[in-house]
Amino acid sequence: MGTHLAVPREEIVRIFSTSGTTGTPSYIPLTAQDLDNWVVTSARSYSASGIRPGEAVVSTYNAGPFVAGAALGAFDRIGMTHIPVGTGNTERLMAAIRLLKPVAVVMTPSYAAHLAEWAEERGFDLKGSSVKRVLVAGEPGGGEPALRAHLEQAWGARVTEAMGIGDIGVSLWGECEEQCGMHLGGRGFVHPELIDPETGASIPMEDGARGELVLTHLSHQAAPLLRFRTRDHVQVWTSPCRCGRTAPRIRCVGRTDDMLLVRGVNVFPSAIREIVNQFMPDVTGMILVKPRDPGVRQEPPLPVVVELAKDYAGGPELAARIQKRIRDVLVFAARVDLAPWGTLQRSEYKSKLVQR
């Protein structure tokens, strides 16, 4: 935890960590008050989706070491019947859905898509199950119209998303049933700002604004952060929602860490996936961007692998149509390579969209 710790060590009740994929993990200490604040904001964010006390929810996030485990306390706080299954237990998860009949499930959008395929292959009637709400978080994608429509059709359920960041708090933002962006459930606990990711200049928080999300702790004790750059590129709405909530709303466009620059055009892999998802059911929605050059700057055309649907029998004209749509909407040139069904790796947690 280094020298950033702001309380005596004996006041720490929980320590989470980042994934440490680029080196030594960063450790995130919490006091009892910090942990309670995280549970409160998560409960606000998830309850916006319409889940209610007494309903049953299955969660697929592990309790540790990553911060997603702190969100699990939200379901107890709401008063739900919580059925924790954890990551990597598909058979156990489906057994819980079949036998315990939960109203809601909590998972990443990648896992929700993977389970839709899993159920179809095995004749599991996912649409006819008890699940009426799929609460997705952990990565961008749940707010993409085409992917959301695919998941809702496969599950026969309403899909809403939530978002947080480990260094600041889990599930700080949660989407209501209007599905018009995620509300700030952490109001009073964090202060949000927008900046230009390249210059650091402030961008006014107003309807339609886009930029990198910056967050400041307002009541954190153990390791408070001031103007923390999240690397999440978001769009903001500040007008009141039809649900009556007045907190600002956001939609995550993508991670600035994953952004590529193709002849001066900022390209987010999640935006490419959103375009590809419009070609369902001819494709599965699985993509993999393969940059040819190290670093952010890339020369066109940018190689993108798109996985075909299981029973698709068409030809290369599909690749041409996808390339044209990417060019028209995202204003850069891509080279789309079609791959057979099952080629790209599925995930029970987060999908990898870029091959470095």
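## A bridge between strands 15 and 16

Let's start with a single residue pair: Val262 has Val265, in strand 16, as its bridge partner. The model we are looking at is a predicted one. Strand 15, spanning residues 260-262, pairs with strand 16 in the antiparallel sense, and 3 bridges hold that pairing.

Stepping back, there is an open sheet of 3 strands here, ordered 16-15-18 and mixed in its pairing. Its edges are strand 16 (265-267) and strand 18 (297-298), each of which pairs on one side only.

## Helix 6 against helix 7

Now for a pair of helices. Helix 6 covers residues 269-277 and helix 7 covers residues 317-330; their axes come within 10 Å and cross at roughly 125°. An angle between 115 and 145 degrees falls in the oblique class, and helix 6 and helix 7 are therefore oblique to each other. Their crossing is right-handed.

Which residues make the contact? From helix 6 come Ala271, Ile272, Ile275 and Val276, and helix 7 brings Ile322, Arg325, Ile326, Val329 and Leu330. Sorted by class, this contact of helix 6 with helix 7 has 8 nonpolar residues, 1 charged residue and no polar ones. It is worth recalling that an α-helix has 3.6 residues a turn, so residues three or four places apart point the same way.

## Strand 3, covered on both faces

Strand 3 (residues 56-59) is worth a look from either side. Are its residues Ala56, Val57, Val58 and Ser59 buried or exposed? They are all buried, with Ala56 and Val58 on one side and Val57 and Ser59 on the other, and both faces of the strand are covered.

Strand 3 runs parallel to strand 4 (residues 81-84), and 4 bridges join the two. Within this pairing, Ala56 stands opposite Thr81 of strand 4.

## Ser171 and its neighbours

Further along the chain, strand 8 (residues 169-175) contains Ser171. Buried means under 20% relative accessible area, so Ser171, at 6% relative accessibility, counts as buried.

What does Ser171 touch, leaving aside residues up to four places away in sequence? Its contacts are Thr41, Ser42, Ser45, Tyr46, Ala71, Met163 and Gly164.

## Helix 5 and the glycine after it

Finally, helix 5 takes in residues 145-155, and its buried residues are Ala146, Leu147, Arg148, Leu151, Ala154 and Trp155. Just after helix 5 comes Gly156, which has a positive phi, near 60°.

Notes:
Residues are numbered from 1 along each chain as its sequence is written. This is a predicted model: local features need pLDDT of at least 70, side-chain atom pairs count only at pLDDT 80 or more; totals for chains, interfaces and linings use all residues. Side-chain values use heavy atoms; hydrogens and water are left out. Axes are lines fitted to C-alpha atoms, for helices over the stretch in contact, and angles run from 0 to 180 degrees between N-to-C directions. Angles under 35 degrees count as roughly parallel, over 145 as roughly antiparallel, 65 to 115 as roughly perpendicular and the rest as oblique. A crossing is left-handed if the near helix is turned anticlockwise from the far one by less than a right angle, and right-handed if clockwise. Contact means heavy atoms within 4.5 Å. Ala, Val, Leu, Ile, Met, Phe, Trp, Tyr, Cys and Pro count as nonpolar, Asp, Glu, Lys and Arg as charged, and the others, Gly among them, as polar. Two strands pair if DSSP finds at least two bridges between them. Buried means under 20% relative accessible area, exposed over 50%, partly exposed in between (1.4 Å probe, protein chains only).
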